[in-house]
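Q: I have this protein open and don't know where to begin. Can we go through it together?

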Amino acid sequence: MAAAKKICKLPLEFCQFSSPVGFIKVSSCPIGLHEMSMETNLSDENFVPNALNDVLVVGVKEQDLSTIMKVCYKWLQQYFRDVKQISKVPRPDICAIKQETKVFRAQVWQILADTVGPGEVITYGALASRLNNPGAVRAVGSAMRNNPTGIIVPCHRVVRSNDMGLYHGGKRQSVKLWLLKHEGVDKY
């Protein structure tokens with residue numbers, strides 16, 4: 001989120017969606033998404049997913065959403081309905097990726113979103129290697145910690161070489177596990 005705020009001076013739109021993993025808050029500008037976050041108090045202790053919940057717009061009518069929010073809405077609907085078909089739905093643009101193409105963390109987010117699909121996982125080291133920078137494992141970890149658009153930029157698919165790794169500083173391991181299982185990854 002910080003990267004997009006520093007460089008983007010455009011007015012923001014805010015929206016909230018219900019989903020199988022709880023409410024998802026999204027902010028965007030005409031260029032792309034700025035942030036997509038789950039409820040701030042969400043933790044392993046209170047995470048109660050419901051795979052039967054549909055993705056719905058909360059508080060506004062779908063026809064009143066901006067183009068970028070409509071794309072985000074359709075993408076989230078497809079992700080939770082049938083993740084194996086997600087490539088058939090356009091992924092919403094992300095402001096920080098579009099405006100900071102030379103910044104390392106934006107490059108990490110782009111490579112991750114473009115090359116690691118549902119049902120796949122990648123280690124921090126392998127992701128650094130895909131960026132032709134195999135020594136940048138910690139920088140990749142920092143990019144994951146600062147990922148403003150989780151699920152769309154799937155930081156939950158990035159794992160340690162010996163275990164699942166942390167999600168939101170280790171406070172949302174059950175969310176990471178649920179997302180991976182939803183995508184067909186059963187090894188954790």
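A: We can begin with serine 27, which is buried, with a relative accessible area of 6%. Keep in mind that this is a predicted model.

Q: Why does 6% put serine 27 on the buried side?
A: Buried means under 20% relative accessible area, and serine 27 has 6%, so serine 27 counts as buried.

Q: Which element is serine 27 in?
A: Serine 27 sits in strand S2, residues 24-28.

Q: And what does serine 27 touch, leaving out residues up to four places away in sequence?
A: With those left out, serine 27 touches Glu13, Phe14, Leu33, His34, Glu35 and Met69.

Q: How far is serine 27 from serine 37?
A: Their C-alpha atoms are separated by 9.1 Å, and the two serines are 10 residues apart along the chain.

Q: Change of topic: pockets. What volume does the largest pocket have?
A: About 740 Å³. The second largest pocket has about 190 Å³.

Q: What lines the largest pocket?
A: The lining has 30 residues, and Met144, Arg145, Asn146, Cys155 and His168 lie nearest the centre of the pocket. Helix H1 (2-7), strand S3 (33-38) and helix H6 (137-145) are the elements that give two or more residues to this lining. H6 provides the largest share, 5 residues.

Q: How do the lining residues of the largest pocket divide by type?
A: Into 15 nonpolar, 9 polar and 6 charged.

Q: Same for the second largest pocket? What lines it, and how does the lining divide?
A: That pocket is lined by 15 residues, with Trp75, Ile86, Arg91, Ala113 and Pro118 nearest its centre. They divide into 9 nonpolar, 3 polar and 3 charged. Helix H4, residues 104-115, gives the largest share, 3 residues.

Q: Back to H6. Which of its residues are buried?
A: Val140, Gly141, Ala143 and Met144. They cover an arc of only 160° around the axis, so they are on the same side of H6.

Q: What's on the face turned away from the buried side of H6?
A: The exposed residues Arg138 and Arg145 are on that face.

Q: And what covers the buried residues of H6?
A: The cover includes H4, helix H5 (124-130) and strand S6 (158-159).

Q: Last one: which residues have the most contacts inside the largest nonpolar core?
A: Phe17, Leu76, Phe80, Met144, Ile151 and Leu179, in a core of 51 residues. Helix H2, residues 67-81, gives the most to this core, with 8 residues. In soluble globular proteins, nonpolar side chains tend to be buried together.

Terms used: Residues numbered from 1 in each chain as written. Predicted model: local features only at pLDDT ≥ 70, side-chain atom pairs only at ≥ 80, totals over all residues. Heavy atoms only, no water. 1 Å grid on protein atoms, 1.4 Å probe; cavity = no way out; pocket = protein on both sides within 12 Å on 5 of 7 lines; lining within 4 Å. Points joined across faces, edges and corners; volume = space filled by probe spheres on them. Helix = DSSP H or I, 4+ residues; strand = E, 2+ residues; numbered from the N terminus. Nonpolar A, V, L, I, M, F, W, Y, C, P; charged D, E, K, R; others polar. Core = buried A, V, L, I, M, F, W, Y, C linked by side-chain atoms within 4.5 Å. Buried < 20%, exposed > 50% of the residue type's maximum accessible area, 1.4 Å probe, protein only. Arc of directions from axis to C-beta. Contact = heavy atoms within 4.5 Å.
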